[in-house]
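This report goes through one protein chain, from a single charged residue to the whole fold. Please keep the sequence and the model at hand while reading.

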Amino acid sequence: VDGLCVTGFLMFSLPRLLLAVLAFASLSAQANWHLDGESSRLSFISSKNGDTAEVHRFLVLHGKVDRKGAAELMIEMDSNSSGVPLRDERMRKDLFEFARFAQANVYAQLDLRPINDLANGAQVELRLPVTVKLHGKEHAYNALLLATRLDERRFQVVTLEPLMLRAEDFDLVPGLEALRKVAGLKSISPSVPVSAVLIFTAR
């Protein structure tokens, strides 16, 4: 009798469990993914006088990936932080001109199937085109990314190779020269590597 009860219980429970798992997987696949701005990070490294490097990051990020894989990252340009308030203010005003260009944007089209099919903790490399809109200009890049499924409702995207942004591509050379003069520097590199760690949550 006990064996029959156990068998009956399993026959009743397993289909329900399977349906619940499939329903949850379907929910994740159909969900919009929103950036966890507090856990994400976007940073770049500037070089001056040929031998001094400094790390900068943006503290306010927004982003989402819709059900079709259209991804957008929005960066608040007045949230740049290098640890030196005067330098940050000069960059916002003279380089980024944040009063005119409050945000930068990054666009990409993701294939969500490989990510949704990942087991928790598993990873997949993605190489895809991304478009950066900064200071009123747009430029395309070929990005190498690593996507990790953290759990049922979160995944992480990391740049395996930094994106190399050049000042001339975004009409930032005049602002860079203004910064160089006001800081009394011999040179500021016109190219910066940009790296990101982005965490998205299903909603």
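Is Glu54 buried or exposed? The model is a predicted one, and in it Glu54 has a relative accessibility of 16%, so Glu54 counts as buried. The cut-off behind that label is a relative accessible area under 20%.

**Salt bridges**

Glu54 has a charged partner. Its side chain forms a salt bridge with Arg87, and the closest N and O atoms of the two are 2.7 Å apart. This pair links distant parts of the chain: Glu54 belongs to strand β3 (residues 52-58) and Arg87 to helix α2 (residues 85-95), with the two residues 33 positions apart in the chain. In general terms, side chains of opposite charge can pair when their charged atoms come close.

The count for the chain comes to 9 salt bridges. Among them are the three pairs in the table.

| Pair | N to O distance |
|---|---|
| Glu54 and Arg87 | 2.7 Å |
| Asp111 and Arg113 | 3.1 Å |
| Arg154 and Asp151 | 3.0 Å |

How do the residues of the other two pairs sit with respect to the surface? Asp111 has a relative accessibility of 39% and counts as partly exposed. Its partner Arg113 is exposed, because its relative accessible area is 60%, and the limit for that label is over 50%. In the remaining pair, Arg154 is partly exposed with a relative accessible area of 33%, and Asp151 is also partly exposed, at 21% relative accessibility. Beyond the individual pairs, Lys48, Glu54 and Arg87 are joined into one network by salt bridges that share partners.

**Strands β8, β9 and β10**

Strand β8 (residues 123-134) and strand β9 (residues 137-151) run antiparallel and are joined by 12 bridges. One of the positions that can be followed by eye is Thr131, whose bridge partner in β9 is Ala140. The two strands form a hairpin with 2 residues between them.

What is the phi of His135, a residue in that turn? The angle is positive, near 55°, although His135 is not a glycine. Most residues other than glycine have a negative phi. His135 lies in the loop between β8 and β9. With a relative accessibility of 8%, His135 counts as buried.

Strand β9 also pairs with strand β10 (residues 154-159); the two run antiparallel, with 6 bridges between them. Here the bridge partner of Thr148 is Gln156 in β10. β9 and β10 form a hairpin too, with 2 residues between the strands.

**Helix α4 and its surroundings**

A positive phi in a residue other than glycine also occurs at Asp171, where the value is near 55°. Asp171 is placed in the loop between β11 (163-166) and α4 (173-183). Its relative accessibility is 43%, so Asp171 counts as partly exposed.

Which residues of α4 are buried? They are Gly175, Leu176 and Leu179. Seen down the axis of α4, these buried residues fall within an arc of 100°, and therefore they line one face of the helix. The buried residues of α4 pack against α2, the helix that holds Arg87. On the face of α4 turned away from its buried side are the exposed residues Pro174 and Lys181. After α4 comes Gly184, with a positive phi near 65°.

**The chain as a whole**

How many helices and strands does the chain have? It has 4 helices and 12 strands. Of the 203 residues, 36% are buried. Considering contacts with a separation of 6 or more, residues 24 or more positions apart account for 63% of them. The chain exposes about 11,700 Å², and carbon and sulfur atoms supply 58% of that area.

To return to the starting point, Glu54 is buried at 16% relative accessibility and is bridged to Arg87, which lies in α2. That helix is also the one against which the buried residues of α4 pack.

Conventions
Residues are numbered from 1 along each chain as its sequence is written. This is a predicted model: local features need pLDDT of at least 70, side-chain atom pairs count only at pLDDT 80 or more; totals for chains, interfaces and linings use all residues. Side-chain values use heavy atoms; hydrogens and water are left out. A salt bridge is a side-chain nitrogen of Lys or Arg within 4 Å of a carboxyl oxygen of Asp or Glu. Buried means under 20% relative accessible area, exposed over 50%, partly exposed in between (1.4 Å probe, protein chains only). Two strands pair if DSSP finds at least two bridges between them. The arc is that of the directions from the helix axis to the C-beta atoms. Contact means heavy atoms within 4.5 Å. Accessible areas come from the Shrake-Rupley method with a 1.4 Å probe; for residues, only the protein chains shown count as cover.
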